[in-house]
Every structure is written in C-alpha cells, then in structure tokens.
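The following paragraphs lead the reader through a protein structure, from the fold of one chain to the contact between chains. The sequence and coordinates are best kept in view while reading.

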Number of protein chains: 2
Amino acid sequence: MPVFLDTTSSEFETAFKTLLSAKREDSPDVDAVVAGIIDDVRKRGDAAVIELTAKFDRLELTPETMAFSAEQITEAVDQVSSEDRAALELAAERIRSYHEKQLPEDHEWTDSSGAMLGWRWSAVSAAGLYVPGGLASYPSSVLMNAIPAKVAGVERLAIAVPTPDGQVNPLVLLAAQLSGVDTIYRVGGAQAIAALAYGTDTIAAVDKITGPGNAFVAAAKRRVFGKVGIDMIAGPSEILVIADKDNEPDWIALDLLSQAEHDESAQSILITDDAAFGQAVAQAVDKRLETLQRRAIAGPSWRDFGAVITVRDLDEAAALSNRIAPEHLELCVADPVGLGAKTIHAGAIFLGQYTPEAIGDYVGGPNHVLPTARSARFSSGLSVMDFLKRTTLSRMTPQALRAIGPAAAQLAQSESLEAHGLSVLARLDRLNS
Amino acid sequence: MPVFLDTTSSEFETAFKTLLSAKREDSPDVDAVVAGIIDDVRKRGDAAVIELTAKFDRLELTPETMAFSAEQITEAVDQVSSEDRAALELAAERIRSYHEKQLPEDHEWTDSSGAMLGWRWSAVSAAGLYVPGGLASYPSSVLMNAIPAKVAGVERLAIAVPTPDGQVNPLVLLAAQLSGVDTIYRVGGAQAIAALAYGTDTIAAVDKITGPGNAFVAAAKRRVFGKVGIDMIAGPSEILVIADKDNEPDWIALDLLSQAEHDESAQSILITDDAAFGQAVAQAVDKRLETLQRRAIAGPSWRDFGAVITVRDLDEAAALSNRIAPEHLELCVADPVGLGAKTIHAGAIFLGQYTPEAIGDYVGGPNHVLPTARSARFSSGLSVMDFLKRTTLSRMTPQALRAIGPAAAQLAQSESLEAHGLSVLARLDRLNS
C-alpha cells in the first residue's frame, strides 16, 4: 500500500517529512573495488581493460576490436525495424531542435571606464558518454546525452557500452549514429570510466563524462571528477502528479506507473484536492498492476514509496511540490500554466492532461536526464550548457586602468597582497609619467 | 630556479608533460575527521557547533551570539577607512554590473506539431557562502561569491566565517553588507558546512554552498554534495602569461608574482617567443623577490612550480596554452584579440599589457573564482548561473499528441517500458474515438 496523507490531519507534517527523507537507495559500497580498477587501468591501460572485460562481460577483446567497426555498426543497424527507426529519427530531430535553442551567445561590451568586458563560450573538446548494457540500455538515453554534446560543438564524442557475452542493442548503435557519435567502445563498468578519464593506447582520454550507470560506474565517476568533468550522479526516478478531479483516473495511474516501472526504488506521488479522486487513481493503479509486464518492479515501488496526498486547494499542492522539488512534475489541472508559475523547484514540468511524462522521455524535445532526490532545488537537467564552458574576457585601456586601477591597488594593500598592487601601480606609474 | 623549456629542444615534450602533471597539492586526508564532525552537527545541532567553535576557534558562542548582530556589524564597519570603503564600493558596483548581464532569459515557443516547449530559470532559494578566517579572509572573495547570488535572486544568503579568538576582518563585514548578505554566522570549518547543509535550530539549512576553504572545508563540501549543491573545489591559483619582447619585463614579473604570492603551491608560467625576454623576466622576478613582503611564499612557488617556455611563434604558444588550460591567461602581445581567439581553454583571459591579472581579482567585473588544475577544459568560473536552475516546460495539445505520441509509444515498446507506452496510448485512444 502506498501512503495516504491528508494535509488537514494533525499528523500530516510528521508523515510528510518522513516521506521527504525516505532513503530509497542503498548504494553498495564499491569504492575500494573501483579504486583498484581505476589504478589498474591507469597503470596497464589496454591490457587491464581487456582483462576486466573478459572477466565481467565474458568478452575477449583486442585493441583492434575494442571499438565497433563501421561494418559492425551498419550490420547491427540494418536489423532495426522501419517503425523503430522512424520513431528514433523523429525523437532525434525533436531533441536536436529543442537543444539548439539552448546555445548561449557570446557577449562583449565597452563600459564607461573604456574597459572592454565580456565572455565567450566554447565547447568541451572531447566527451565520453557511458551507456549501460542489459536491461537499462536505453537508446533514448543515447540521444539525450549525445545530441546536446554535438549541438554544443564537441569535436570528439565517444560512447562506452558494455556488451556482455557480445550482445548489443542495435537501437543503441542506431541512436549513436543518428546523434553523430564518433566512436563506440564495447567496454563497460569502472574500467570504461577509467579509460575515458585517463586514456589508454586505444581509448583516447576525454574532458567530460556523462551518462547513467550502476553503482560501480557512479563510484568511478565520483573518483575521476576533477581530472575530467562529470554530469550529475542520478538517483532513482521520481514523478509528482498534481491532478484535480476532472481527470481520467487510469491516465494518472499510468503516469504514476511509468516511473514506478523503472526501478523498485522509484517514487510516484499524486497530490489531489479531491480525496475520492485520489482513491480512484489508487484503484486504477492496482488494476493496472495486475497485468503490467513490469509489475514485479512497479508493484514494490508503488507499495514502498508511492503516496497519495489530499490537499485543501491547489496552492497548498504547489507549496508541497516546492518542498518535494520533484524530478518530473505533471500538472493535470484546469489552469496548468497558472499552477506551473507557483511550482518553482522541479526538473521538468508537463503541463495539462495531454502531456504524459513519457512524452518527455522520448519525443517532447527537452532532456530526460533530470535532477533527482530533491536536487532540483539547486540543479538543472542535462543541456547543451553541460558541454560548454565560459571564458571571461577583459581588456583595459590606459584610460580604464587610470580610472579603476587605484581601487585595485587599494584593495590589494588591504588584503596584504603586495605584488597584486605593484602589478597595477607599476603600469600606472608609467602612464602618469 | 623555475624550469626553462624551449620547444625546439628534443626533450621539450617530456619536460612539458612533467610540468603539466606536476602534483602541486598534498591535501591531508581529513575525511574521517570531517565525517565525524558532520555526524555530530547533524545529531546535536547547535550544541555541537558551539562546542567545536570553542575547541577550534577558542570562542564561546551561544545560539544568540552565533550570528553577528546589526550593531556588531555597524561597529566593525565603522572602522573601515574611507579609502578602503570607496575601493570596495567601486569593486562591488563593477562586479554587480558585469554579473547582471549574465542573467539568462526564459524561452517559450510553439513548434510545428502545436506543442508548447520552453524553459524557465529560477533562483536557488537559499545559499550559504563560506569565508575563511585569518590570512585568506579576503573581502574581494565575499563580493565575488555574494553578488552573483544576489543578482540571481537568492532570497536568503548566509555567510559562515570563523572568527578565531573573536577576531574579525571589518572589510569582510563591509563586503557582506555591500553585497546584500542577510546573515553572518561566526562559525567555520567542517562544522559550518554541516550546519549550512543540514541546518540546526539557529542556522537554517541552505540549498547551495559556495566559497573557498581549507582541507577540512573542502572535504566537508564534497561530503554534503547531493544534499546541497556546491561550487567547484578550487586548487592552488595559476597564471599563464604569453608575452612578446615588446613588454616591460618588470610588469610581467609582477604579474607572475601576483599568483606566486598567494600560495607556495601556486604556479606561474611565462610563454614567450623571445628567449632573451624570458631571461629578462626571470631576472626581474628574482629582483622583486629580494624585497617582496610575501617572498617566503612567492619564492618557493616560483622556484618549485614556475616555468619560462620559449616558443617558435605565438601559434605554438596558443597550442601550449590550450594544453595547460590555465585559470588566468594574460596575453601581452601586439594582437591580443587575435591570439585570444586561438586560446580556447582558459578560465579568464586578460587582453593586452594594460590588463594585469590583479585587475580581475578586484575591480574588473568578471568573477575571480575560476577553474584551476586544468579544469578550464570542461568548467567555468563562478557566475550568476551557479545560483540559478532551469526547469524545462512542455505542453502537448491533442493535435501535438496525435502527431508525436505514436513515436513515443513505439520507443517505449522497444525499451520494454509498457506503462510509458500505455500512458500515451490511453490518451490517443480517447482522442481517436
């Protein structure tokens, strides 16, 4: 049973805080193992990668077969059905179109002192995208990570994907091809992250690593952070649906289940201003759980972490939403735009009953890599910006240095940084002589 | 002696790689101590903070005296000289003006399917800024961290600054006042980071923590990351100056020393296309080191990590600069804009001989919190963006869902995520009936 809460209850605040602080993930402590793997790859390079791949993926590689050849990719991609290909192409086009609008502009201006100031954006030179193997090998995630990188202008984009027993998902290769990925290494786990961060003879080092992965991959990303950039370490998926009674309970139930089916640790929450509607949705969830293919995952998620919260009105719903700061927020109410203006902290907002969250997972356009575990309070989903960095620019003229240099020298003196001050004063002396 | 390298030497590549990989910082391993402090503050709140402050800072606090009172701030600020105040005000005004231009715009549009797409920026609700005590208690750093937060729209901005033996730098309080900081806690170390991240009865939890600190503070920031956002963990400061022979050697020497005087682990590198000029700068550095107040810091930095590199031409200088990816890059050449277009990876670029890096530390306008240790390859300096997060928006119409929904359902099926597909198909069934 999911929890049923009601804001009019005297026990609500305590129960809501428990819900907020529920620990949904028990990450195994794999840090020592991962540290050993990274050291090994740094020291022995390709040889370590090949050994670890034989051990974990039961796949014998050589430096020559570490990346898929063009022929292997073509052969695999040819197996993709025309329906799947058309859907993936539509998704790629829409994701590209959305992310192209994110490209920020450079800016330069001259201020009243005569100084030129500004900034310039440039792309990370090389990026590596980790793609899990097996059940979580989602072609949509390839699009969501690779397209922003290429839109940003990343010159060299590599994928690392484990292919246990040699098996590969042809859709993953097609998604990589559609995204403009340059190289696909059939290597996974912490050894893939280490190779991308430090480089081997065969796998060239990159500057930034993104993409989801298991506990080993997450621990490896944390460890190489600093040597390279990384994206967020994502937790289990979450959805919050705020719905009034004028909704079809089964639609809302399916939206809740579309998060629950990802992971037993996923969390689906409904907030409604109509208790009877909340009950109807819970019943619809139970009915769907009787037949859902992934009921063995979605069932535990809903029972252990699901919640139905009844509120007095939608303003109260918005306030609770801001405390939850959900990864996905669906607003199925009469005025979703009005309510959306009040729900400040959320990774992605889906407005109105014709915008199921699943649209955003595939073809909406916005990125589906979003902040989990309440981190939408301070972070954003993946975007073109993650593959760009900004260089600030400044150029003083003699006039500008005369105008603002003395203040710099004054502050340098107050901070006891003599050389800082002298570097300005030496120039001012010349200008004033 | 700094190292002298020449790109025409057969040993250059090996020596340059050694320079690039030089480990300049030996962080003490304080993680276990920090973990204990964080646990203690989480469990015992104010009582732990008060005990730890008595122990480390020899200062007896109560919940009532944990934050500076308005009277205490006024009293301290009144001690600031009018020269220091005027300089700090000029700096604050210029930093604010620069950062106001960074505010990004929201964006919404309707695409050809009829879907509304877009994104919205919003500020982090509450931020905490750590300010070191003692020698590294720089008022300029307060401005550089606090002003971007307030420009972004952070509602509640708190500072934590240790005041060992009760001592405080009045300029730090003035800088906080000029920046619009709301509360100043006289608490430092890992206990301050823990209190800001988890909250105590007196110190309210924040969503994001920025600012420099010692090894304990850095380790604490790493540990609370995820619970709150953090900025980068900064390493020792660096400067790369690219200068041709038409420069005053003493000016360039002072620019190199203005990094070296920060820290024995700081690194100052000169690249020049004129070997004799390189020698002249090295001599000027030595001469300045005879009298510089902080020669006990700047001397070891220059001798252990300094370098003078002679190149064939400035294109070669740009290529080396991109491999170094310096925090600060000064271009003292005839065409700094032209050379700047080729130096892609740098935190901040200072163009021309009238733009000493120290200008950027105080009054230039751009932020002085910049990526160190080659991380300018993939990251940017502190900015307004660090205190904002983006929420993506999408709204399907029935027409849009008909157009793109089937592709979403197709991809959901290919990823074996049945509920994802059904959430779309259930709506399409209704629309098509």
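**From one sheet to the chain interface**

In this predicted model, chain A contains an open sheet of 5 strands, arranged in the order β6-β5-β4-β7-β8 with parallel pairing. Its edge strands are β6 (183-185) and β8 (229-230) of chain A, each of which pairs on one side only. Within the sheet, strand β4 (residues 126-130) of chain A runs parallel to strand β5 (residues 156-160) of chain A, and 5 bridges join them. One residue pair that may be located along these strands is Tyr130(A) with its bridge partner in β5(A), Ala160(A).

Two helices of chain A provide further local detail. In helix α1 (residues 12-21) of chain A, Lys17(A) and Glu13(A) lie 4 residues apart, so about one helical turn separates them. These two residues form a salt bridge, in which the closest N and O atoms are 3.9 Å apart. The cut-off applied to such a pair is 4 Å. Over all chains, the count by this rule comes to 36 salt bridges.

The second helix is α13 (residues 314-324) of chain A, where Glu316(A) has its place. The side chain of Glu316(A) makes a polar contact with the side chain of Arg312(A), at 2.5 Å. When neighbours within four places in sequence are left aside, Glu316(A) is in contact with Thr7(A) and Val311(A). Of these two partners, Thr7(A) is 309 residues from Glu316(A) in sequence, yet the C-alpha to C-alpha distance between them is 8.6 Å.

The description now turns to the relation between the two chains. A turn of 180°, with a shift of 0.0 Å along the axis, lays chain B on chain A with an RMSD of 0.0 Å. The two copies are thus related as by a two-fold rotation axis. Among the residues of chain B, Pro104(B) comes closest to the rotation axis, its C-alpha being at 4.4 Å.

How many residues does each chain bring to the contact? Chain B contributes 117 residues and chain A contributes 118 residues. Because 99% of the interface residues of chain B are also interface residues in chain A, the copies meet through the same surface.

The size of an interface is often given as the accessible area lost when the parts come together. Here chain B and chain A bury about 10,100 Å² between them, with 58% of it on carbon and sulfur atoms. Tyr354(B), Phe378(B) and Arg427(B) supply 8% of the area that chain B buries against chain A, more than any other three residues.

Polar and charged pairs also cross this interface. The rule finds 64 residue pairs in polar contact between chain B and chain A, counting pairs with both residues at pLDDT 80 or more. By class, the side of chain B that touches chain A has 58 nonpolar, 34 polar and 25 charged residues. Side chains of opposite charge can pair when their charged atoms come close. Across the interface of chain B and chain A, 10 salt bridges are found. Asp255(B) forms a salt bridge with Arg427(A), with the closest N and O atoms 2.7 Å apart.

Strand pairing links the chains as well. Strand β14 (residues 388-395) of chain A and strand β13 (residues 348-351) of chain B run parallel and are joined by 3 bridges. In this pairing, Leu393(A) stands opposite Ile349(B) in β13(B).

Note on methods: Residues numbered from 1 in each chain as written. Chains lettered and ligands numbered in written order. Predicted model: local features only at pLDDT ≥ 70, side-chain atom pairs only at ≥ 80, totals over all residues. Heavy atoms only, no water. Contact = heavy atoms within 4.5 Å. Buried area = accessible area lost by both parts, 1.4 Å probe. Salt bridge = Lys/Arg side-chain N within 4 Å of Asp/Glu carboxyl O. Polar contact = N/O pair within 3.5 Å; in protein donor to acceptor, adjacent residues only side chain to side chain. Nonpolar A, V, L, I, M, F, W, Y, C, P; charged D, E, K, R; others polar. Pairing = 2+ DSSP bridges. Least-squares fit on C-alpha atoms with pLDDT ≥ 70 in both.
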